Each structure stands twice: as structure tokens, then as C-alpha cells.
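Here's a quick briefing to read alongside the sequence and the 3D view. It goes from the overall picture to the inside, then out to the surface.

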Amino acid sequence: MSVVAWVVLGLVAGAIAKVLMPGRDPGGLIGTTIIGVIGAFLGGWLSARFFDRPVDQDFYDPATWVSAVGGALVLLVLYRVFFGHSRERG
């Protein structure tokens, strides 16, 4: 897949992750979108590296989408853990 396809996949994965895990995020929509894009790359890399399931073959492959959404969810959880309460401290 091209970089543009990964960015589109990341945007959708970030939106799906946000729907699956609602709540306030410190970064808002832009932060969630960036997390989705990075999560798509991370999920794809982890899938290829550890599960021997490269996802760069087909944009519509379910493994590609599960990897991207999974990566976005993991990053969203980590983002909330580390930066979720930053507004309340100051």
C-alpha cells in the first residue's frame, strides 16, 4: 500500500478507535487523528513482525483493518494514561 493509503486507513482507524473508546481526549479530534495514523503504521508493523502477517498487500484485507484499529486503540489508551489528566493538574 502507498503512504496515502496508510494515512487514509489511519484516519478511519482513529475514528473507529474513538468510537470504541469514547471519552475526552487531551488532543481532541486532531490528536485522535494523528494517533490513528501512527496506530495504523504501528499495527501494520507489529502484524508483519510478530504475527508473520504482512498487511501491505491489500487495502481491503481484514487483517489490515484489525491491525490498524488495534494499533490505534493501544496508542489511544497509552495517550490517555500519560496525558489524560494534564488539564486537571494545572
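**The short version**

Buried residues account for 36% of the 90 residues in the protein. Keep in mind that this is a predicted model. On the secondary-structure side, you get four helices and zero strands, so to speak an α-α-α-α run when you start from the N terminus.

**Contacts and overall surface**

- Take the contacts between residues at least 6 apart in sequence: 74% of them join residues at least 24 apart.
- The protein exposes about 5,700 Å², and 70% of that comes from carbon and sulfur atoms.

**Inside: the nonpolar core**

- Twelve residues form the largest nonpolar core: W6, L9, A13, A17, M21, I35, A40, A68, V69, A72, L75 and L76.
- Three helices each put at least two residues into this core, namely α1 (3-20), α2 (28-50) and α3 (62-83).
- The largest share is from α3, with five residues.

**Outside: the nonpolar patch**

- On the surface, V3, V4, V7, V8, L11, V12, I16, L20 and F41 make a nonpolar patch of about 730 Å².
- Helix α1 brings the largest share of that patch, eight residues.

**One residue to look at: L11**

- L11 sits in helix α1 and is one of the residues of the nonpolar patch.
- Is L11 buried, exposed or partly exposed? Its relative accessible area is 40%, so L11 counts as partly exposed, given that buried means under 20% and exposed over 50%.

How values were computed: Residues are numbered from 1 along each chain as its sequence is written. This is a predicted model: local features need pLDDT of at least 70, side-chain atom pairs count only at pLDDT 80 or more; totals for chains, interfaces and linings use all residues. Side-chain values use heavy atoms; hydrogens and water are left out. A nonpolar core is a set of buried Ala, Val, Leu, Ile, Met, Phe, Trp, Tyr and Cys residues joined through side-chain atoms within 4.5 Å. Buried means under 20% relative accessible area, exposed over 50%, partly exposed in between (1.4 Å probe, protein chains only). Patches are made of residues with over 30% relative accessible area and no salt bridge: like charges are joined within 9 Å, nonpolar side chains (Val, Leu, Ile, Met, Phe, Trp, Tyr) within 5 Å. Accessible areas come from the Shrake-Rupley method with a 1.4 Å probe; for residues, only the protein chains shown count as cover. A salt bridge is a side-chain nitrogen of Lys or Arg within 4 Å of a carboxyl oxygen of Asp or Glu. Contact means heavy atoms within 4.5 Å.
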